[in-house]
Amino acid sequence: MLSDCTPVATLPTADVARARKFYEETLGLSPLREDFAGITYKCGEGRVFLYQSEYAGTNRATALTFPVDEDRFDAEVDALRAKGVTFQTFEYEGMEWKDDVMISEGMKAVWFTDPDGNILNLGTGEL
């Protein structure tokens with residue numbers, strides 16, 4: 001049924017122009033399409049859709065994950081830091097942190113927010 005569909009991450013924003021600047025200039029995404037409903041970005045085999053909503057930033061859990069290979073992880077983290085992105089840490093059993101990077105059982109990950117407070121993740125390992 002749905003198992004052959006490629007999901008689209010759908011993220012609300014209170015300010016489309018501000019979100020656009022973050023997703024394009026900070027994360028390096030290029031718009032695939034823009035219309036009255038919002039902006040769609042292509043990311044690998046998936047897509048990210050940003051749309052105007054009064055509920056932007058109300059989700060307190062990870063909304064979007066960017067999976068990367070282990071050999072790219074450090075460079076991606078350094079690039080985000082160079083663009084002013086700060087990473088979040090939190091307590092969760094089995095997670096160890098070093099310089100705001102979570103290291104656990106062969107995985108590395110960081111969490112950060114977009115301008116609306118949507119929680120984004122960059123990580124290695126299989127999802």
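1. In this predicted model, the side chain of Thr13 makes a polar contact with the side chain of Asp116, at 2.6 Å. Thr13 belongs to strand β1. With a relative accessibility of 1%, Thr13 counts as buried, since the cut-off for that class is under 20%.

2. Strand β1 (8-13) also takes part in the largest pocket: together with β4 (46-52), β5 (62-67) and α2 (70-82), it is one of the elements that each supply at least two residues of the lining. The volume of this largest pocket is about 700 Å³. Its lining comprises 31 residues, and those closest to the pocket centre are Cys43, Thr65, Phe66, Pro67 and Val68. Helix α2 gives the most to the lining, with five residues.

3. The chemical make-up of that lining may be of interest to a modeller. By class, the residues lining the largest pocket divide into 16 nonpolar, seven polar and eight charged.

4. Cys43, named above among the residues closest to the pocket centre, also enters the account of the cysteines. The structure holds zero disulfides. Cys5 is in no disulfide, and the nearest cysteine sulfur, that of Cys43, is 18 Å away. Cys43 is likewise in no disulfide, its nearest cysteine sulfur being that of Cys5 at 18 Å. A disulfide requires the two sulfur atoms to be within 2.5 Å, so a pair separated by 18 Å does not qualify. Cys5 is partly exposed, with a relative accessible area of 45%.

5. Helix α1 (residues 16-26) has a buried side and an opposite exposed face. Ala19, Phe22, Tyr23 and Thr26 are buried. These four residues lie on the same side of α1 because they cover an arc of only 110° around the axis. The face turned away from the buried side carries Ala17, Lys21 and Glu25, which are exposed.

6. The two ends of α1 can be described individually. At the N-terminal end, Asp15 acts as a cap: one of its side-chain oxygens lies 3.1 Å from the backbone nitrogen of Ala17. Ala17 is also one of the exposed residues on the face turned away from the buried side. After the helix comes Gly28, with a positive phi near 80°.

7. Which residues other than glycine have a positive phi? Asp99 has a phi near 50°, and Glu105 has a phi near 45°. Asp99 is in the loop between β6 and β7 (101-104), whereas Glu105 is in the loop between β7 and β8 (107-113). Asp99 is exposed, with a relative accessible area of 58%. Glu105 counts as exposed at 82% relative accessibility.

8. Two pairs of residues may serve as reference distances. Thr86 lies in the loop between α2 and β6 (96-98) and is exposed, with a relative accessible area of 63%. Thr86 and Asp100 are 14 residues apart in sequence, with a C-alpha to C-alpha distance of 8.7 Å. Ala79 lies in helix α2 and counts as partly exposed at 36% relative accessibility. Ala79 and Leu120 are 41 residues apart in sequence, and their C-alpha atoms are 15 Å apart in space.

Conventions: Residues are numbered from 1 along each chain as its sequence is written. This is a predicted model: local features need pLDDT of at least 70, side-chain atom pairs count only at pLDDT 80 or more; totals for chains, interfaces and linings use all residues. Side-chain values use heavy atoms; hydrogens and water are left out. On a 1 Å grid over the protein atoms alone, a cavity is a set of points where a 1.4 Å probe fits but cannot get out, and a pocket is an open set with protein on both sides within 12 Å along at least five of seven lines; lining residues have an atom within 4 Å of a point. Grid points are joined across faces, edges and corners, and a volume is the space filled by probe spheres set on the points. Ala, Val, Leu, Ile, Met, Phe, Trp, Tyr, Cys and Pro count as nonpolar, Asp, Glu, Lys and Arg as charged, and the others, Gly among them, as polar. Buried means under 20% relative accessible area, exposed over 50%, partly exposed in between (1.4 Å probe, protein chains only). The arc is that of the directions from the helix axis to the C-beta atoms. A polar contact is a pair of N or O atoms within 3.5 Å; within protein, one must be able to donate a hydrogen and the other to accept it, and residues adjacent in sequence count only if both atoms are side-chain atoms.
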